[in-house]
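Thanks for coming, everyone. I have one structure to walk through. Please pull it up on your screens.

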Amino acid sequence: MANLTKREMVVAIAEKTGLTQKDVFDVIQLTLDGITDALAKGDGVELREFGVFRCRLTKPRIGRNPKKPEQEVTIPARAIVKFKAGKIMRARVLERTSEMAK
């Protein structure tokens, strides 16, 4: 499976819209920066029919060093980003179930 890169997205959108690649890149970058800034402030980001990004705090936990399993290491709590797919995205991805099961 290949990954879609930001560059490939810029080229595809520029071809579909007739905008310059620089303009499309700037819009995509500003969108991503806005999402990042909102999450860094602790706000959630909801993109209707796409999904919701939220910041969440993990609980502190005990981990083990694989090289020294007897040694316990405390892993501190930290902020992470959680994503919950929207209804349309979930439905479209669900269509791939049979293809991926092969």
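Two strands count as paired if DSSP finds at least two bridges between them. Keep that cut-off in mind. One more caveat: this is a predicted model.

So, the sheet. β1 and β2 are joined by 3 bridges and run antiparallel. That meets the cut-off of at least two bridges. One residue to click on is L47: its bridge partner is G51, in β2. The full sheet is open and has 3 strands, in the order β1-β2-β5, with antiparallel pairing. β1 and β5 are the edge strands, each pairing on one side only. Direction ignored, neighbouring strands of this sheet are turned by 20° against each other on average.

Next, the helix α2. It covers residues 21-40, which is 20 residues. Does the length add up? Let me put it properly: what span should we expect at 1.5 Å a residue? The expected span is 28 Å, and the end C-alpha atoms of α2 are 28 Å apart, so the two agree.

Now colour α2 by burial. V24, I28, I35, A38 and L39 are buried. Down the helix axis, the buried residues fall within an arc of 110°, so they line one face of α2. The general background is simple. An α-helix has 3.6 residues a turn, so residues three or four places apart point the same way.

What do the buried residues of α2 pack against? They pack against α1 (6-17), and also against β1 (45-47), β2 (51-57) and β5 (79-85). On the other side of α2, K22, L30 and A40 are exposed. Just after α2 comes G42, with a positive phi of about 95°.

Last topic, the aromatics. How many aromatic pairs does a search of the whole structure find? It finds 2. Take F50 and F83. Their ring centres are 5.6 Å apart and their planes are at 55°, so this pair is tilted. F50 sits in the loop between β1 and β2, F83 in strand β5, 33 residues apart.

Then F53 and F83. This pair is tilted too, at 4.7 Å centre to centre and 45° between the planes. F53 lies in β2 and F83 in β5, so the pair ties together parts 30 residues apart in sequence.

Buried or exposed? F53 is buried, at 18% relative accessible area. F50 is partly exposed at 38%. F83 is partly exposed at 37%. Put together, ring pairs link F50, F53 and F83 into a cluster.

That's my tour. Over to you.

Note on methods. Residues are numbered from 1 along each chain as its sequence is written. This is a predicted model: local features need pLDDT of at least 70, side-chain atom pairs count only at pLDDT 80 or more; totals for chains, interfaces and linings use all residues. Side-chain values use heavy atoms; hydrogens and water are left out. Helices (H or I, at least four residues) and strands (E, at least two) are DSSP runs, numbered from the N terminus. The expected span of a helix is 1.5 Å times one less than its number of residues. Buried means under 20% relative accessible area, exposed over 50%, partly exposed in between (1.4 Å probe, protein chains only). The arc is that of the directions from the helix axis to the C-beta atoms. Contact means heavy atoms within 4.5 Å. Axes are lines fitted to C-alpha atoms, for helices over the stretch in contact, and angles run from 0 to 180 degrees between N-to-C directions. Rings of Phe, Tyr and Trp (its six-membered ring) pair if their centres lie within 6.5 Å; planes under 30 degrees apart count as stacked, over 60 as edge-to-face and the rest as tilted.
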